[in-house]
Amino acid sequence: MITVLGIESSCDETAVCILRLGEANHTEILVNLVASQHEVHRPHGGIVPELASRQHIRTLAPMVQAALSQAEMTADQLAGVVVTCRPGLLGSLLVGLSYAKAMAYALGLPFIGVSHLEGHLNAPYLETPDIPHPHLALLVSGGHTALYAVTAFGEQQLVGATRDDAAGEAYDKVAKMLDLGYPGGPIIDRRAQTGNPKAHSFPRGQVKGQPLDFSFSGLKTAVRYHLEAQGGSIPPDNLSESAINDICASFQEAVVDALIQKTIKAAQEYQLNTVLLTGGVACNSRLREKLAATCTEQNIRCVVSSPQYCTDNAAMIAYVGAKRIGRGESSPWDLNAQPTEMMRGPIK
Ligand code: KG4
Ligand code: ZN
C-alpha cells in the first residue's frame, strides 16, 4: 500500500489529494480538494496566467495543510510527493513543482513530476480499477482534444488530435460570443438541454487526409456567421432565450458528433473494444449519453468517470505518481516545468 500526496496546479484549479494505492490498481482517496479560480478569471472572460500563478501561491500551502489534517496524517507518513510538471501555464506549473520539490526534499521523500495528460488518461482507473489494456482514450479538455491508443500504463500512442481549437476551448469561445459567462462548457451544456439540436446545421469538422484528427475552428466561425446573418451584434442583443438555446444545442451536437465519429473510427481502425472518456468536456451530458449509446451499438465497452475526476483534479496525478513510486521511480531534483508536451508519438 502506497500513500502519496498529489498536487495539481497546471492551469486554473489548485488541487491537492491524498491517495492510497493498493493491489490491482485499487485506490482509496483519503482527501480530494479542489480550489477553483473561476471567480478570479470570470471578469476577464478567460484565464489570465499571471493571476493564476498568484492565486496558486496563495492557496496551495494552506490546502496541503488542510489535506493532511483531514486525513489525520503527518507529512512524514507519506511515501512520496507527486506533482504535475507538464503541460500547462509555466508560472502555474512552477508554483506546484517548487512546492512539491521543497516539501519532498525537506522530508526526505521521493518526488515525482507527472504529465497532466497522463493524469487525465488514468483518471478513469480511480473508479474502475479493472480497465484492460489495450484501450482507446478520448481526452477532451480546455487545452487538449486527442485520441490515444493506450497499450500499458505509461505507454500511449497519439492516434488523432485537434488541428486548431480544443473542444473545451470551442465551448468557451462560443459561450463568450453569446455572452453566456465563463467557463462556457457547463453553461452551454445546461442551455442545450432546452434547445433544439437540429435547429441549425453546423459543420462536423473534418481534416483532409487525416480522418482521426479534429478541427473546431470552422464550427466556431460558422456560429459567428450565423449570428452575423441574424443582423445582430456579437454578443447578440436581438435573440430570444430559446433562440440562444437552439444555437447552444446545435453547436453542442456538432462537437459531440465529431468527437464520437472519430472515436468510433479509431476504435475500429486499431481494433480496440474499450473506450475511455476523460478531461473536462467529458462532463458534458450529451457527450456522455451519446458516446455510451453509440459504443453499446458497436459492442464497445465505454468507461466514463464521475465529473469530479473528469475536470482537473489531483487524484489523477496522485494515482500516476503512486504507480511510478511503486515501481521504484522518482524524478531528479532538477526536473523543470514544461509548458508543452510532444503531441505526436508516445507522451511518456
Ligand atoms: O480538464 P479541464 O478541467 O481543464 C483542462 O485541462 O483544460 O477542462 C476544462 C474545460 C473547459 O473548457 C470547460 O468549459 C470544459 O472543460 N467543460 C465542459 C463541461 N464542463 C467543463 N464542456 C462541455 N460541457 C460540460 N459540461
Ligand atoms: Zn486538464
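These legends go with a set of close-up views of a predicted model.

**View 1. The zinc ion (ligand 2) and the protein atoms that hold on to it.**
Three residues act as protein donors here: His116 and His120, each through NE2, and Asp312 through OD. They sit 2.0 to 2.1 Å from the zinc ion (ligand 2). Read along the chain, the donors have the spacing H-x3-H-x191-D. That pattern brings distant parts of the chain together, with histidine 120 in helix H4 (residues 116-122) and aspartate 312 in the loop between helix H10 (307-310) and helix H11 (315-326), 192 residues apart. Both histidine 120 and aspartate 312 are buried. As for geometry, the site has four donor atoms with angles of 94 to 140° among them, and it comes out as irregular. The upper end of that range is what matters, because a tetrahedral call needs all angles between 85 and 135 degrees.

**View 2. Helix H11, a helix largely enclosed by the rest of the structure.**
Eleven of the twelve residues of H11 are buried, so the rest of the structure largely encloses this helix. Among the buried ones are Ala315, Met316, Ile317, Ala318, Tyr319 and Val320. Gly321, Ala322, Lys323, Arg324 and Ile325 of H11 are also buried. The length checks out too: at 1.5 Å a residue, twelve residues should span 16 Å, and the end C-alpha atoms of H11 are 16 Å apart. Just after H11 comes glycine 328, with a positive phi of about 80°.

**View 3. The largest cavity, with about 40 Å³ of space.**
How many cavities of 30 Å³ or more does a search of the whole structure find? The search turns up one. Its lining is made of Leu121, Asn122, Tyr125, His133, His135, Val150, Ala152, Phe153, Gly154 and Gln156. H4 and strand S7 (145-152) are the elements that give two or more residues to this lining. If you sort the lining residues of the largest cavity by type, you get five nonpolar, five polar and no charged.

**View 4. The largest pocket, with about 1200 Å³ of space.**
The lining of the largest pocket has 43 residues, and the closest to its centre are Ile47, Ser141, Gly142, Gly143 and Asp172. H4, helix H5 (167-177) and helix H6 (184-192) each put at least two residues into the lining of this pocket. H5 has the largest share, at seven residues. By type, the lining of the largest pocket splits into 13 nonpolar, 18 polar and twelve charged.

**View 5. Two cis peptide bonds, each leading into a proline.**
One cis bond joins arginine 86 and proline 87, with omega at about -25°. Proline 87 is in the loop between strand S4 (80-86) and helix H3 (90-107). The other cis bond runs from tyrosine 182 to proline 183, and its omega is near -10°. Proline 183 belongs to the loop between H5 and H6.

**View 6. Asparagine 25 and asparagine 299, each with a positive phi.**
Asparagine 25 has phi near 65°, a positive value in a residue other than glycine. You'll find asparagine 25 in the loop between strand S2 (13-21) and strand S3 (27-36). Asparagine 299 has phi near 60°, again positive in a residue other than glycine. Its home is the loop between helix H9 (285-297) and strand S10 (301-304). Buried or exposed: which is asparagine 25? With a relative accessible area of 18%, asparagine 25 is buried, and the cut-off behind that word is under 20%. Asparagine 299, in contrast, is exposed, with a relative accessible area of 70%.

**View 7. Glycine 279, a buried loop residue.**
Glycine 279 is in the loop between strand S9 (274-278) and H9. Its relative accessible area is 0%, so glycine 279 counts as buried. Where does arginine 54 sit relative to glycine 279? The two are 225 residues apart in sequence and 24 Å apart in space, C-alpha to C-alpha.

Note on methods
Residues are numbered from 1 along each chain as its sequence is written. Chains are lettered from A and ligands numbered from 1 in the order in which they are written. This is a predicted model: local features need pLDDT of at least 70, side-chain atom pairs count only at pLDDT 80 or more; totals for chains, interfaces and linings use all residues. Side-chain values use heavy atoms; hydrogens and water are left out. Donors are N, O and S atoms within 2.8 Å of the metal (3.2 Å for Na, K and Ca); water is not among the atoms, so sites may look incomplete. Four donors count as tetrahedral if all angles lie between 85 and 135 degrees; four count as square planar and six as octahedral if opposite donors are over 155 degrees apart and all others between 65 and 115; anything else is irregular. Helices (H or I, at least four residues) and strands (E, at least two) are DSSP runs, numbered from the N terminus. Buried means under 20% relative accessible area, exposed over 50%, partly exposed in between (1.4 Å probe, protein chains only). The expected span of a helix is 1.5 Å times one less than its number of residues. On a 1 Å grid over the protein atoms alone, a cavity is a set of points where a 1.4 Å probe fits but cannot get out, and a pocket is an open set with protein on both sides within 12 Å along at least five of seven lines; lining residues have an atom within 4 Å of a point. Grid points are joined across faces, edges and corners, and a volume is the space filled by probe spheres set on the points. Ala, Val, Leu, Ile, Met, Phe, Trp, Tyr, Cys and Pro count as nonpolar, Asp, Glu, Lys and Arg as charged, and the others, Gly among them, as polar.
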